[in-house]
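Please open the structure in your viewer and follow the stops below in order, selecting what each one names before you read on.

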Amino acid sequence: MFAVTILGNNSAIPTPDRHPTSQVITYNEQLMLVDCGEGTQMQLAFYKVKRSKIRHIFISHLHGDHYFGLIGLLNSLSLLGRTDPLSIYGPPELEEIIQMQLRTAATVLRFDMQFHALLPDKTGLLLSERDMEVHYFSTRHRIPCYGFSFSMQRKKRKVIPEQARAYEIPAAYFSRLQDGADYERKDGTIVRNDWVTLPPATARRYVYCADTIYDEDLIPHIQGADLVYHETTYLHNLQQRAADRFHSTSVQAATLADKAGARRLLIGHFSSKYADLQPFLDETLPIFPHTELALEGTTYLV
Ligand SMILES: [Zn+2]
Ligand SMILES: [Zn+2]
């Protein structure tokens, strides 16, 4: 499974039923957290997400609605006895902020926290493991801000058990078949790998665009993605306010997804001035029909 679960879909000011930004990416039973606004650990508990399984946390930028929940989560993980290492990726100042909070509270985390600084205006590979690759890129916001692209590529071939058994290949050899090896039978004949396996599934990609003004420079990063998250802080009549604050509108998010040829669009980071989210869909659907609202507690398959 490769999916994203929304924990917070609001912009800066939380409302009783909407929280600041946070999302959980699930892949191969592993969890990664994307942004960690205030209240994220309560949302994790509320939606029964296993905190202990989070191995990587990505922080897009240092506006509080994207990281004010981080120190609380780190504290709780330590109190709960976590010993597995945890990687945090974010702007360089974040490491200083975390260390200062820990130092002044005389808190020593029980686990190894590895910090990876994102460098301004850079783009590149952040993480590559098993089937998952994570890249980052800059977005255009009031302060340095980064988007993340998650692509899941199954590297192993899929064994067709009936076929493999028909050629009398022992099950103990299946893992070599998954890696692409041929099989040599006792009589010296060769069973070609592609007779008994299928190619790996094609890569699937989720792109998180964080906070950003409308920016066509993002297109190369989201081109052809299966699912794109783009902020829509405001409806279109507040286009000027959006631009002044380096945010985007519903129409702009849909336009960008359309221009980039994305397959599906998820919109969120709604201003707390909106109680009803339906108008966001009403404005995006005519431009980009495969749009969904990012709703808290909902899981979207990539
Ligand atoms: Zn924000
Ligand atoms: Zn921001």
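Begin with the whole protein chain shown as a surface: in this predicted model, the chain exposes about 14,200 Å², of which carbon and sulfur atoms supply 53%. Switching to the C-alpha trace, you will find that it spans about 75 × 55 × 35 Å along its principal axes. A cartoon view brings out ten helices and 18 strands, and if you colour the 302 residues by burial, the buried ones make up 53% of them. Among the contacts with a separation of 6 or more, 64% are made by residues 24 or more positions apart.

**First stop: the zinc ions**

Select the zinc ion (ligand 1) and display its protein donors, which are Asp65 (OD), His66 (NE2), Asp211 (OD) and His269 (NE2), at 2.1 to 2.2 Å from the ion. Along the chain these donors follow the spacing D-H-x144-D-x57-H, and the angles among the four donor atoms run from 89 to 167°, which leaves the site irregular. Asp211 sits in the loop between β14 and α7 (219-222), while His269 sits in the loop between β16 (265-268) and α10 (278-284), so that this pair, 58 residues apart, links distant parts of the chain. Are Asp211 and His269 buried or exposed? Both Asp211 and His269 are buried.

Keep Asp211 selected and add the zinc ion (ligand 2), because Asp211 bridges this ion and the zinc ion (ligand 1), the two lying 3.5 Å apart. Around the zinc ion (ligand 2), the protein donors are His61 (NE2), His63 (ND1), His141 (NE2) and Asp211 (OD), at 2.1 to 2.4 Å. Their spacing along the chain reads H-x1-H-x77-H-x69-D, and this site, too, is irregular, with angles of 90 to 171° among its four donor atoms. His61 and His63 are both buried.

**Second stop: His230**

Move next to strand β15 (residues 227-231) and pick out His230, a buried residue with a relative accessible area of 1%. Leaving aside residues up to four places away in sequence, its contacts include Cys209, Thr212, Leu218, Ser248, Ala253 and Leu256, together with the run Leu265, Leu266, Ile267 and Gly268.

**Third stop: the nonpolar cores**

Nonpolar side chains tend to be buried together in soluble globular proteins. Here, select Phe148, Phe150 and Tyr206, which touch the most other members of the largest nonpolar core, a set of 29 residues. Elements giving two or more residues to this core include β1 (2-8), β2 (22-27), β3 (30-36), β7 (124-129), β8 (132-139), β14 (204-208) and β15, while the largest share, five residues, comes from β9. Another core, of 27 residues, lies apart from it, and its members include Phe137, Val207, Leu218 and Leu281.

**Last stop: helix α2**

Finally, select helix α2 (residues 70-79), which is largely enclosed by the rest of the structure because seven of its ten residues are buried. Which residues of α2 are the buried ones? They are Leu70, Ile71, Leu73, Leu74, Ser76, Leu77 and Ser78. To see what covers them, show the elements around the helix, including β3, α1 (40-46), β4 (54-58), β5 (86-90), α3 (93-104) and β6 (113-117). Just after α2, look at Gly81, which takes a positive phi of about 90°.

How values were computed. Residues numbered from 1 in each chain as written. Chains lettered and ligands numbered in written order. Predicted model: local features only at pLDDT ≥ 70, side-chain atom pairs only at ≥ 80, totals over all residues. Heavy atoms only, no water. Donors = N, O, S within 2.8 Å, 3.2 Å for Na, K, Ca; no water. Tetrahedral: all angles 85-135°; square planar, octahedral: opposite > 155°, others 65-115°. Buried < 20%, exposed > 50% of the residue type's maximum accessible area, 1.4 Å probe, protein only. Helix = DSSP H or I, 4+ residues; strand = E, 2+ residues; numbered from the N terminus. Contact = heavy atoms within 4.5 Å. Core = buried A, V, L, I, M, F, W, Y, C linked by side-chain atoms within 4.5 Å. Areas by Shrake-Rupley, 256 points an atom, 1.4 Å probe, with all protein chains shown as cover.
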